[in-house]
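Me: Could you take a close look at one part of this model for me, and then show me what sits around it? Pick a stretch where the backbone and the packing both have something to say.

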Amino acid sequence: MTGLTANVAARRGAFTLDVDLHAPSARTLAVLGPNGAGKSTLLDVLVGRLRPERGEVRVGDRVLSDAAERIHVPPERRRVGLLSQAPSLFPHLSAQENVAFAPRAGGASRIGAREEAVRLLDAVGLRGLEGRRPARLSGGQQQRVALARALAARPDVLLLDEPFSALDVSTAADMRMLTAETLERTGTTAVVVTHDVVDALSLGHSCVVLDAGRVVDGGDLASVLGMPRSPFVAALAGMNLLAGAAAGDGVVHTDDGRVLRGHEIGVLRPGDRAFAAFPPAAVRLEHTGVVGSAPSARVTHLAAMVEGWELGTAGIRVRFRDGLLADVPPAEFASLRLRRGDRVRLVVPPEAVSVYAAGEPVCGADETSATVHDVGRGRLR
Amino acid sequence: MSAPRWLIAPAALGLALVVLPLVALIVRLDWTSVPAAIASPEALSALTLSLVTAAAATGVCVVLGVPLALLIARAESRLAGVLRAVVTLPLVLPPLVGGIALLFLLGRTGLVGASLDAVGIRIPFTTGAVVIAQSFVALPFLVIAVEGAFRTAGVRYEQVAATLGASRWTTFRRVTLPLVAPSLVAGIVLCFARALGEFGATALFAGNQEGVTRTMPLAIYTAFNGGGIGQSTAIALSLLLVAVAILVLLAMRSWREDVAL
């Protein structure tokens, strides 16, 4: 087994990273987090550029870092590969020589390394471009070479650092598929660090959410995205998130004094800290003052003030001052004649609202309540 | 945008300052005496000695200068500034002073020379002394050219090489060094040219003995002062040195284009 286990704390300047995470063998762990969450610090620890102050990093039985034993294997002997946002191909070497670099450094014969490089370049769809220098390859082609080059080193673990964020949308989509297939086919254990939910969905088998240097959420993607526990994940999942206290029977009294009715997931006792999440597309808008459906067991009314709107993927996305979102079909939006600052009613059917406990397996109550506080004020981007 | 017109005058003057002396040299030359002067045993021996010692000094500068340049490029900025200033000292020092300093270090009674003398090693006034004097004055050219390139190249590619499992030595050989190749070539050429033209430090530290330490510049000086061969020979030899220098510069151009990415 060559799974990656990292239970470490590391410090960089005033920032402290303290995480416990595991990527099972031949699986990909997605590490999600907003800017400044500690993603690059984590990568530096894993790749061996930063010495942890506490804990250890292991691949299978092999110890890469152990603060207590003062073990720190240098980057070149870790067998931990890295595919970054920038391809960073060696500019003085051809595509093939770039890919053959690792096998050659590992002692392979010139011919053996070349055959391996040709095979890997073919596998990433670059047959016929072996002799090109990086400067004569497109951005997407360069990133393909970088992937082939990283795999040529046969790393025990491959780290992917925002690997597609520098590519244009369609190239990124191709590259994402190719990377997912390649990791699957080669049975590579991988960690993909990203703030793009599509990366996590395409590559990740499981995920952890990093915030302020700590793991605040984790598990399989469906449950993490389906039951967001931080504004960041709610934004990733495209969900509205409100925090409050459970009042029984699917009702939540939010911290900002609203009452929301939904369906409960899992065990929830009255008084428990709870989250309520619902998709913007489930929201219907009404002007306040207009006689509409009365709040009842069948619908929830939330008062909100219009902040602005833009074209969304599911109609017009309306943003409200407290951070809530609603996706409204263009025709309906037209009939509402909304103006910035208008007070409106969000009508939310209970079947669209998931209500679940705020206390979750991976993080302590303190961090959660800190996060909850932010949710109550508004959605963080 | 083109340069302001009034800059043309100083620019032309500058060009004249560089070119006119060489023109004067050629005008003054008695072409009939050139073949004999160049083919004379004295001239050939001086030319050979110059090429051999300049090549050796360049080799010394590469072997010592490249690691030194890398050290400076990777040092934290304050230390790097100090090291850079120290390394460029020979550049601002009059070569004669350099020669005296070398004598005080390696001369028979010098700081290190005394101990060397005790075990029978005498460096001053040997061909080795010529190489040392040339290395002393030429080293800054190589270090400055290569250090800048190391700094510009940064450590990004080296870090990538490490994640690919390459040892530090492999990384240096296959990534770091090739990345600075164009600058290294430029540094080598400048270094060689400076060594070839070196006079002051050589004259003081190595002397002027034919076949041993009389390089082209010293032969020209000797000839010009009427020592044996005469002024027209001095001019012919100067021209030969100019020709060699131009050849080196041309070689640098084509070589640089080859290595350029």
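Reply: Quick bit of vocabulary: strands here are DSSP runs of E at least two residues long, numbered from the N terminus. Also keep in mind that this is a predicted model.

Let's go for strand β9 of chain A, residues 189-194. This strand is mostly covered, with 6 of its 6 residues buried. A residue gets that label if 20 or more other C-beta atoms lie within 10 Å of its own. Now split the strand by direction: Thr189(A), Val191(A) and Val193(A) point one way, while Ala190(A), Val192(A) and Thr194(A) point the other way, and all are buried. In a regular strand, side chains alternate between the two faces of the sheet. So what you'd look for on screen is two sets of three, with buried residues on both sides of β9(A).

Who are the partners of β9(A)? One is strand β3 (residues 28-32) of chain A, joined to β9(A) by 5 bridges and running parallel to it. To find that pairing in the viewer, use Ala30(A), whose bridge partner in β9(A) is Val192(A). The strand β8 (residues 157-161) of chain A is also parallel to β9(A), again over 5 bridges. There the pair to click on is Val157(A) with Thr189(A). How does the chain get from β8(A) to β9(A)? It goes through helix α5 (residues 169-186) of chain A, and this β-α-β crossover is right-handed.

Stepping back from β3(A) a little, we come to a backbone oddity. Ala26(A) lies in the loop between β2 (15-23) and β3 of chain A. Its phi is near 60 degrees, a positive value even though the residue isn't glycine. Most residues other than glycine have a negative phi. Is Ala26(A) buried, exposed or partly exposed? Because it has 16 C-beta neighbours inside 10 Å, Ala26(A) counts as partly exposed; the cut-offs are 20 or more for buried and 12 or fewer for exposed.

Arg79(A) does a similar thing with its phi, a positive value of about 60 degrees in another non-glycine residue. This one is found in the loop between β6 (71-72) and β7 (80-83) of chain A. Arg79(A) has 19 other C-beta atoms within 10 Å, so it too is partly exposed. If you're going to check torsions anyway, you could put the two loops side by side.

Now the wider setting. Chain A is assigned two domains, domain 1 (4-218) and domain 2 (234-377). Their C-alpha centres lie 38 Å apart.

Further along the chain there are two open sheets to look at. One has 6 strands in the order β14-β13-β12-β16-β22-β15, and its pairing is mixed. At its edges are β14 (259-261) and β15 (263-265) of chain A, each pairing on one side only. Ignoring direction, neighbouring strands in this sheet are turned by 40 degrees against each other on average. For a local example, strand β12 (residues 240-246) of chain A pairs with strand β13 (residues 251-254) of chain A in the antiparallel sense, over 3 bridges. In that pair, Ala246(A) has Val252(A) as its bridge partner in β13(A).

The other sheet has 5 strands, ordered β17-β21-β18-β19-β20 (chain A), with antiparallel pairing. Its edge strands β17 (284-287) and β20 (325-328) of chain A have a single partner strand each, so one side of each is left without a neighbour in the sheet. The twist averages 50 degrees from one strand to the next. Inside this sheet, 6 bridges join β18 (residues 300-312) to β21 (residues 343-348) of chain A. A handy landmark there is Ala303(A), standing opposite Arg345(A) in β21(A).

Finally, the neighbour. Chain B has 14 helices and 0 strands. Its contact with chain A involves 14 residues of chain B and 18 residues of chain A. On the chain B side, the elements giving two or more residues are α9 (156-163) and α10 (168-179). Of these, α9(B) gives the most, with 5 residues. By type, the chain B side divides into 9 nonpolar, 4 polar and 1 charged.

Technical notes
Residues numbered from 1 in each chain as written. Chains lettered and ligands numbered in written order. Predicted model: local features only at pLDDT ≥ 70, side-chain atom pairs only at ≥ 80, totals over all residues. Pairing = 2+ DSSP bridges. Helix = DSSP H or I, 4+ residues; strand = E, 2+ residues; numbered from the N terminus. Axes fitted to C-alpha atoms, helices over the stretch in contact; angles between N-to-C directions. Contact = placed C-beta atoms within 7 Å. Nonpolar A, V, L, I, M, F, W, Y, C, P; charged D, E, K, R; others polar. Right-handed = clockwise from strand over helix to strand, strands pointing away. Domains from an automatic or database assignment.
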